[in-house]
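Reader: I have a model open and don't know where to start. Can we go through it together?

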Amino acid sequence: MSRQFEPDQDHEDREPPDPSGHIRTTGAGPITGFGLTGLVLGWLLRSVSIALRGAAPTVGWLPVLALFFVALIVGSVAWSTYRSFHKQHERIEPHRAVNRLVLAKSCALAGAMVAGGYLGYALSWVGITESDMAQDRLVQSLLAGLASVLIVVGSLLLERACRVRGEDDRDLR
């Protein structure tokens, strides 16, 4: 026996409910997923690059310093936001709060991917000690991975600094 679908007239006339205005904090799942994806891609980079170009890419000190600088900026914004909201009880304009929240969420995920990539690339050099370039790539990749982890930590702190206590403490408003 088959049933035919009949549209509900009441359903068509109703307007969708207003959004509740809650944003969940970035959980460990997405950060872990992005980090593991970056780890695998970074680990594959050396062998794929050698197969295609005949040489592995270098890291260099400029990207390492740039990542530490970004971590410093995100951490500073997190501290400033925390101090403004929770210590001095100031209010900021809504669009600025949203901008900080978007910065925090995007930097947390991007930082996890970059950290995984650099740490995966560093892992691909473990055990290769025949050249100084291998050691340089290992050290620079590890430092870049550390800087990226600091970006993730600063981003999560910024996200939590944007929290406004409501009915459900797990939500951001």
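Reader: Which residues have the most contacts inside the largest nonpolar core?

Author: Leu-67, Tyr-121, Trp-125 and Ile-151 have the most contacts inside that core, which has 16 residues. A nonpolar core is a set of buried Ala, Val, Leu, Ile, Met, Phe, Trp, Tyr and Cys residues joined through side-chain atoms within 4.5 Å. Buried means under 20% relative accessible area, with exposed over 50% and partly exposed in between (1.4 Å probe, protein chains only).

Reader: Which elements give two or more residues to this core?

Author: Those are α3, α4 and α5. The largest share, 5 residues, comes from α5. Helices (H or I, at least four residues) and strands (E, at least two) are DSSP runs, numbered from the N terminus.

Reader: Is there a second core, and which residues does it include?

Author: A second, separate core has 5 residues, including Ala-78, Ala-104, Leu-158 and Cys-162.

Reader: Before I go on, what kind of model is this?

Author: This is a predicted model, where local features need pLDDT of at least 70, side-chain atom pairs count only at pLDDT 80 or more, and totals for chains, interfaces and linings use all residues. Residues are numbered from 1 along each chain as its sequence is written, and side-chain values use heavy atoms, with hydrogens and water left out.

Reader: Back to Tyr-121. What is it in contact with, leaving aside neighbours within four places in sequence?

Author: Among them are Trp-43, Arg-46, Pro-57, Val-59 and Arg-137. Contact means heavy atoms within 4.5 Å.

Reader: And how do Tyr-121 and Trp-125 pair?

Author: They are edge-to-face, 6.0 Å centre to centre with 80° between the planes. Rings of Phe, Tyr and Trp (its six-membered ring) pair if their centres lie within 6.5 Å; planes under 30 degrees apart count as stacked, over 60 as edge-to-face and the rest as tilted. Both Tyr-121 and Trp-125 are buried.

Reader: New topic: α3. How many residues does it have, and how far does it reach?

Author: Helix α3, residues 61-87, has 27 residues and reaches 37 Å from its first C-alpha to its last, close to the expected 39 Å. The expected span is 1.5 Å times one less than the number of residues.

Reader: Which residues of α3 are buried?

Author: Val-64, Leu-67, Ala-71, Val-74, Ala-78, Thr-81, Ser-84 and Phe-85. Their cover includes α4 (94-123) and α5 (132-161).

Reader: Why do residues three or four places apart point the same way?

Author: An α-helix has 3.6 residues a turn, so residues at that spacing point the same way.

Reader: What comes just after α3?

Author: His-89, with a positive phi of about 55°.
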